[in-house]
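Work through the exercises below with the sequence and the structure open beside you. Try each task before reading its solution.

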Amino acid sequence: MATRLRLLRLLRSDAVALAAAACLVVVVLVALFGPMAVGDAAGGINLRNRNAPPFEFTRPWLYWLGSDSLGRSILARIVVAARTTLGIALASVAAALLVGGAVGLVAGLSRGRTGEYILRGVDVIMSFPSLLLALIVLYVLGPAPSNIVIVLGVTRLPVYVRTARAEVLEIRERAFVAAAQVMGAGPVHIALRHVLPLVLPTLLIIGALDFAYVMLAESALSFLGIGVQPPDITWGLMVAEGRAYLTAAWWLAFWPGLAIMMTALAANLLAMWFRIANDPSLRGSLKARVAGNG
Amino acid sequence: MADPAPAPLLAVERLAVDFATETGWFAAVRGVGFELARDESLAVIGESGSGKSVTAAAIMGLLDPPARILGDVRFAGESLLTMAPDRRRSLYGRELSIIFQDPLTHLNPVQPVGWQIGEVCTIHGAPRREARERALELLARVGIPDPLRRYAAYPHEFSGGQRQRIMIAMAMALRPRLLIADEPTTALDVTVQAQILELLAGLREEYGMSLLMITHDLGVAAEVAERVVVMRRGEIVEAGSLPRVFAAPRHPYTRELLTDRSEEYRSPAPAAAAPLLAVENLAIRYGAFRAVRGVSAEVGKGEILGVIGESGSGKSSLAAAMLRLRPCDGGAVRFRGQDIWALDGPGLRDYRRSVQAVFQDPFSSLNPRMTVERLIAEPWVLNPGVVPRARWRERAAELLEMVGLAPSDLDRYPGEFSGGQRQRIAIARALALEPEIVVCDEAVSALDMTIQAQVIRLLADLRGRLGLAYVFIAHDLTLVRKFVDRVVVMKAGEVVEAGPAEEVFANPRHPYTRQLIDSSPELGPKLAEWRALPDPPAPGPARGAGGPPAAGGG
Amino acid sequence: MTRFMLGRALHSLVALLALVVLVFFLARLTGDPTNLFLPMDASLAERQAFAERHGFDEPLLVQFWSYLVDLAHLDFGMSLFQARPAIEPVLGAFPVTLRLALVTMVLALTLSVVIGSVAAYGPGGLFDRIASLLSILGASTPDFWIAIVGILFFSVSLGILPTSGTGTGWHWIMPVGVLLLRPLGLLTQVVRAAMIGVLNSAYVKTARAKGASPRRVIFVHGVRNAMLSVITVAGDQAAALINGAVIVETVFGWPGIGNLMINAIKQRDFAVLQASILVTALAIFVMNLLIDIAYSRLDPRIRAG
């Protein structure tokens, strides 16, 4: 509790991190409630507002970012696509974090060779370009959103397994684990009470960084045409569709790409900040630098 | 002010070092001044946080911003702090050099050691060939066998003692006039420490250099130094000739350091103890390595068994076996006559309740994410029925008071306590199940001398009050001498000598026990000699004496 | 050292085999593999002829064996659309991608070592903060989008750079620039962190106490130790570079292996897709092996083990 308050106070003192957090909150709110607010402007054909360039403030506000050749509002489409984009990224990261964290925990706690074998298996996934793996799986299994989540989750799995295992191996050697064993603690108690609470913050930080990464990966897949398929839309798909009209209507590809970048940037900045705030040694050096300058 | 005498080799004047921290400037060194003459040997004595190593770093120009240095450091009359960087670099390594506590991290892991020794010569202008020859010569001089072959070896291929020899060779490469030794033997076993100190003494004689020994160990200081400076919390509290300071300390802190407290640790041994925990012919293997071979020992109710040994003696493996943390590869550990690995159900619960532990590192033995209350209550979570849940907080507060902490500390986290305080929390946790035996695996080794004394006094006191038995594992003889009832001396996995403590220490029968006793720097006899001097020798150069330091510095 | 290298090589081999198995069984998982290999509108006769030719009516293990034998001969079957062995277009496209990736990797390593070292020398300073921000920006920007924006700006608006193709040096600027984005940002951060760690290390203290100059400290004691952590990450980056190459080649119309794969997918030319994926994987494993060798050259602690 006290640590959470301290974090909030620290967050308030860092303008960049605060802005990133605010940005993420807005994006999430938009994804949750935005589609209701824009109604059917995303799909509805509106010939009066065809090919509207951005910044024509005489049109209704939904058209301020422009519209496509069918007169669909770009802003409305970005809002609707936010839900799919964020949803896929979140689901993939959550799946990778849960499965990878659990596997890593087991690999780290198990005596004998099990941990070693798990690590080797994970290395196989790791040493292979994730996009190629996604290409082949989606080619064979078809580009349904659930398959995309599975593919992205599997390609991100190694990071969590490796990190969780490495942390567990380090924590396992600390004397408080031996102390708990002396008190009569079994492996389950040690895993849940002593190891997990110390591993979790690290995994969550990686999760935040990964959220940005996975969102970019999904966008790339959709851009290449093997990710999300119409009539579903994601930001990556919107960029792909806008690419054909690049010279005539640049805004079709520009705005959704910007949305991807801003969201990824906010997630990355926040994860970076959280890592520093959560690490006493790094935090000390940050503050010390401030004192040293003043 | 003109000084007619030649400038001292090293003069530290009103030195103050501040570090920037989260809460502002932290004064690590405040108004420290001392001098070191040519061919002289000075010991700077202090515990952790005394600023002794920071002073050494300031002399060697190893402090960077955000550290702030005030005052002056003069070498042969020249100010090291204000001279041109090029000029200063030409002095370091050539005229004054330094060795550190942990040679492994202080040697570059990816370069051959011979190259690293020779580098000192090449930096200061020697051609490569000459540097190589000098390095080979030095490797032989510091006692590295087969220098020609070992020249190309890397730091990780040497033992701790050998690495320190390599550091010394590096420092000696250009026959400096001043050697700073920053806790050079702290990480080493006592027998190795004695060898390193001997090597340093020999080199000093051969090269005629001055020595600035930074140490927490009064025994080491007494062995090498002619004068001492005692530091505490960044300030000099006392300075003078070594016999004078040791025989007639003026400052209460120096007096505290020098008090022979061993008598205080003594507590009455039980009459005839029935064996409670017994190790029989124990063997432990790690692959092909046999860590423990045929060790037998037992500890009775209310008894203190000391286990003494250097690193690699197998004493910690013995502790792990006693605590059922590691299965035996031969022999058995018996609790109340029963093999602990044959126990289950109520028997195992009884064993777990009765045998508890305190470990060496107070920083890793407490989970940093748990409050003190949760830490102390954890044994009760795991052993339901010992203390009813409603009484947890109350009982935890009682335990804290018993080990000398306040009940208000219950809601704090381990990170908010010092090393000594954490070890007290660990002891309180070990007592939570009202055990009969506490296994202390190097439980005080990581603590400062004065804190060690406090913790051992607490343990002795608790035995008197609660009738506890201890298995007290240590590498440091000085502390256990009077504290333990019986002692077992281990070497390379075997017991070389066992018996009542007083007998073993007074008349060691095994040569290794004798070597251990002879290697640990012992003040007693020398102190008696100094105290018997009719007139304490005059303190060294009067300027060296601390006096009230100028606060804040220049 | 040889034991270490053999172990690593074995791991790479196992990984490669795992991929081969994965490709084989994924292809059979969908039921009738003719669906995968032939276009949707292939006639029944075509399907039958295809199945017979490839022995799809035989037991799975027999199929797997003949698949392995074919692979050993670099026989990936025929490309459906180019009427030649699938391996041919792959071997034609591979050097293009290799050149692009090598140029990018060399640039990324050089720039990141320079930028990262300078940033590490004054952590928290203006240069460090700008470098950090830019590298986060690099990690957050969708590469396909920045490629499009680049075309819009440099080719459409300013008309100074070509939109696609590989002819001249000008053609290299945008693809390399886009591909550089991710590895440069990441490697800069890694170099910076490693260099800060090295500069605060105890052995650098020793070097300074020997009287070594700052330049000697950084280049003799610093770089080699810092490179150890850089090299481990560079391996993962080499794999990630292929991800970027697929995008860059698609957007800029480069006849590389990424472009080939995407076209193969669009044309449902499974033989070509399979060949290009296995060749790429092979290249990455060779790359990882080279990196392991470099690592063990630099770190004597590995060499001994």
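**Exercise 1: a residue in a helix**

Task: Which residues does B:Gln116 touch, leaving out residues up to four places away in sequence, and is B:Gln116 buried or exposed?

Solution. Step 1: list the contacts. With residues up to four places away in sequence left out, B:Gln116 touches B:Leu107, B:Asn108, B:Gln111, B:Pro155, B:Met170 and C:Lys210. The model in which these contacts are found is a predicted one.
Step 2: place the residue. B:Gln116 belongs to helix α4 of chain B, which covers residues 113–123.
Step 3: apply the cut-off. Buried means under 20% relative accessible area. B:Gln116 has a relative accessibility of 2%, so B:Gln116 counts as buried.

**Exercise 2: a residue in a loop**

Task: Between which two elements of chain B does B:Asp189 lie, and which residues does B:Asp189 touch?

Solution. Step 1: find the loop. B:Asp189 sits between β7 (178–182) and α8 (190–207) of chain B.
Step 2: judge the exposure. The relative accessibility of B:Asp189 is 16%, and therefore B:Asp189 counts as buried.
Step 3: list the contacts. Not counting residues up to four places away in sequence, B:Asp189 touches B:Glu310 and B:Ser311.
Step 4: set sequence against space. B:Asp189 and B:Lys315 are 126 residues apart in sequence, while their C-alpha atoms are 14 Å apart in space.

**Exercise 3: two sheets**

Task: In what order do the strands of the sheet that holds β1 of chain B lie, and which strands are at its edges?

Solution. Step 1: read the order. An open sheet of 4 strands in chain B has the order β2-β1-β4-β5, with antiparallel pairing.
Step 2: find the edges. β2 (24–36) and β5 (78–79) of chain B are the edge strands, because each pairs on one side only.
Step 3: look at one pair. Strand β1 of chain B, residues 10–21, is joined to β2(B) by 9 bridges, and the two run antiparallel. B:Asp18 stands opposite B:Ala27 in β2(B).
Step 4: recall the general rule. Strands of a sheet pair through backbone hydrogen bonds, and the pairing is either parallel or antiparallel.

Task: In what order do the strands of the sheet that holds β14 of chain B lie, and how many bridges join β14 to β15(B)?

Solution. Step 1: read the order. Here 4 strands of chain B form an open sheet, β12-β11-β14-β15, and the pairing is antiparallel.
Step 2: find the edges. β12 (289–300) and β15 (338–339) of chain B each pair on one side only.
Step 3: count the bridges. β14 (residues 330–335) of chain B pairs with β15(B) in the antiparallel sense over 2 bridges. B:Arg334 has B:Asp339 in β15(B) as its bridge partner.

**Exercise 4: positive phi**

Task: What is the phi of B:Ala76 and of B:Arg324, and where does each residue lie?

Solution. Step 1: recall what to expect. Most residues other than glycine have a negative phi.
Step 2: read the angles. B:Ala76 is not a glycine, yet its phi is positive, about 50°. B:Arg324 is not a glycine either, and its phi is about 60°.
Step 3: place the residues. B:Ala76 is in the loop between β4 (67–75) and β5 of chain B. B:Arg324 is in the loop between α13 (315–322) and β14 of chain B.
Step 4: judge the exposure. B:Ala76 has a relative accessible area of 30%, so B:Ala76 is partly exposed. B:Arg324 has 16% relative accessibility and therefore counts as buried.

**Exercise 5: whole chains**

Task: How many helices and strands are there in chain A and in chain B?

Solution. Step 1: count the elements. Chain A has 11 helices and 0 strands. Chain B has 22 helices and 20 strands.
Step 2: read the burial. Of the 294 residues in chain A, 53% are buried. Of the 554 residues in chain B, 56% count as buried.
Step 3: read the surface. Chain A has an accessible surface of about 12800 Å², with 68% belonging to carbon and sulfur atoms. For chain B the accessible surface is about 22400 Å², with 51% belonging to carbon and sulfur atoms.

Task: Why does the radius of gyration of chain B agree with that of a compact globule?

Solution. A compact globule of 554 residues would have a radius of gyration near 24 Å, and chain B has 26 Å, which agrees. The C-alpha trace of chain B spans about 80 × 55 × 50 Å along its principal axes.

Conventions:
Residues numbered from 1 in each chain as written. Chains lettered and ligands numbered in written order. Predicted model: local features only at pLDDT ≥ 70, side-chain atom pairs only at ≥ 80, totals over all residues. Heavy atoms only, no water. Rg over C-alpha atoms; globule rule 2.2 N^0.38 Å. Buried < 20%, exposed > 50% of the residue type's maximum accessible area, 1.4 Å probe, protein only. Areas by Shrake-Rupley, 256 points an atom, 1.4 Å probe, with all protein chains shown as cover. Contact = heavy atoms within 4.5 Å.
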